[in-house]
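Grab a viewer and work through the exercises below. Each one sets a task and then walks through a solution.

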Amino acid sequence: MAYPKIMSLKPTELIDWCNSRRKEMGISKAKLASLTNVPESTLDRILSGKNPEFRYSTIQPIVTVLIDYYEEIPQPDSADESQSEYYYKTIEGYKLVVENKNHIIEQAKFAYTKLEDELKYLREENSIKDSIIKTLQDHLAWMEHLIDKA
């Protein structure tokens, strides 16, 4: 199963994905609340979609369980093909987690670079302002000197 890049989804899309994934996996809200340690009332509030405002720290355990949770998938009986399919699904889940973490790291690196550029610009701008202030102070001192002589 292909998963979306979870961290790039809009809040409403993430809620929709969580709801459809939970239903697909056959996990009740009570079971999901138990697995995530998120109170069922909070889970209901988030997954209702009525208020798509939530903290990442609240949705993160929900998403993690919905990506990684395989307890509900029956263990393969005897056929090698079933066993390999089970392992393939497990590996795909882990790949998705790594891919999402890599996506977050790339976003953080990009933001860091932008902040570095902004800081460099501000330092250069302040250097120019300091130079102008020094020049103006020199002119004021020169004008004071002229006024005192006059």
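**Exercise 1. Work out which residues of helix 3 are buried, and how they sit around the helix axis.**

Step 1. Keep in mind that this is a predicted model. Apply the burial cut-off, under 20% relative accessible area, to helix 3. You are left with T42, L43, I46 and L47.

Step 2. Look down the axis. These residues cover an arc of only 120°, which puts them on the same side of helix 3. The general rule helps here: an α-helix has 3.6 residues a turn, so residues three or four places apart point the same way.

Step 3. Ask what that side packs against. The buried residues of helix 3 meet helix 1, helix 2 and helix 4.

Step 4. Check how the helix ends. Helix 3 is followed by G49, and the phi of G49 is positive, near 80°.

**Exercise 2. Do the same for helix 2: find its buried residues and the helices they pack against.**

Step 1. Helix 2 spans residues 29-36, and its buried residues are L32, A33 and T36.

Step 2. Viewed down the axis of helix 2, the buried residues fall within an arc of 100°, so they line one face of the helix.

Step 3. The packing partners of these buried residues are helix 1 (11-25), helix 3 (40-48) and helix 4 (56-68).

**Exercise 3. Go through the loop between helix 2 and helix 3, and describe N37 and P39.**

Step 1. Start with N37, which sits just after helix 2. N37 has a positive phi of about 60° although it is not a glycine.

Step 2. Is N37 buried or exposed? Its relative accessible area is 70%, and the cut-off for exposed is over 50%, so N37 counts as exposed.

Step 3. Move on to P39, found in this loop as well. P39 has 48% relative accessibility, so it is classed as partly exposed.

Step 4. Get the distance from P39 to K29. The two are ten residues apart in sequence, and their C-alpha atoms lie 9.9 Å apart in space.

**Exercise 4. Describe the largest nonpolar core and say which helix gives the most to it.**

Step 1. Count the members: the largest nonpolar core has 19 residues. Those with the most contacts inside this core are W17, C18, L32, I62 and V63.

Step 2. Sort by element. Helix 1, helix 2, helix 3 and helix 4 each supply at least two residues. Helix 4 gives the most, with six residues.

Step 3. Zoom in on V63. Leaving out residues up to four places away in sequence, V63 touches I6, L14, W17 and C18.

Step 4. Put this in context. In soluble globular proteins, nonpolar side chains tend to be buried together.

**Exercise 5. Find the volume of the largest pocket, then characterise its lining.**

Step 1. The largest pocket holds about 270 Å³ of space.

Step 2. List the lining. There are 14 residues, and the closest to the pocket centre are Y56, Q60, V63, T64 and V97.

Step 3. Assign elements. Helix 4 and helix 5 (80-149) are the elements that give two or more residues to the lining. Helix 4 gives the most, with seven residues.

Step 4. Split the lining by class: nine residues are nonpolar, three are polar and two are charged.

**Exercise 6. Zoom out and summarise the whole protein chain: its elements, burial and contacts.**

Step 1. Count elements: the protein chain has five helices and zero strands. Along the sequence that reads as α-α-α-α-α.

Step 2. Look at burial. Of the 150 residues in the protein chain, 25% are buried.

Step 3. Check the contact range. Take contacts between residues at least 6 apart in sequence: 63% of them join residues at least 24 apart.

Notes: Residues numbered from 1 in each chain as written. Heavy atoms only, no water. Buried < 20%, exposed > 50% of the residue type's maximum accessible area, 1.4 Å probe, protein only. Helix = DSSP H or I, 4+ residues; strand = E, 2+ residues; numbered from the N terminus. Arc of directions from axis to C-beta. Contact = heavy atoms within 4.5 Å. 1 Å grid on protein atoms, 1.4 Å probe; cavity = no way out; pocket = protein on both sides within 12 Å on 5 of 7 lines; lining within 4 Å. Points joined across faces, edges and corners; volume = space filled by probe spheres on them. Nonpolar A, V, L, I, M, F, W, Y, C, P; charged D, E, K, R; others polar. Core = buried A, V, L, I, M, F, W, Y, C linked by side-chain atoms within 4.5 Å.
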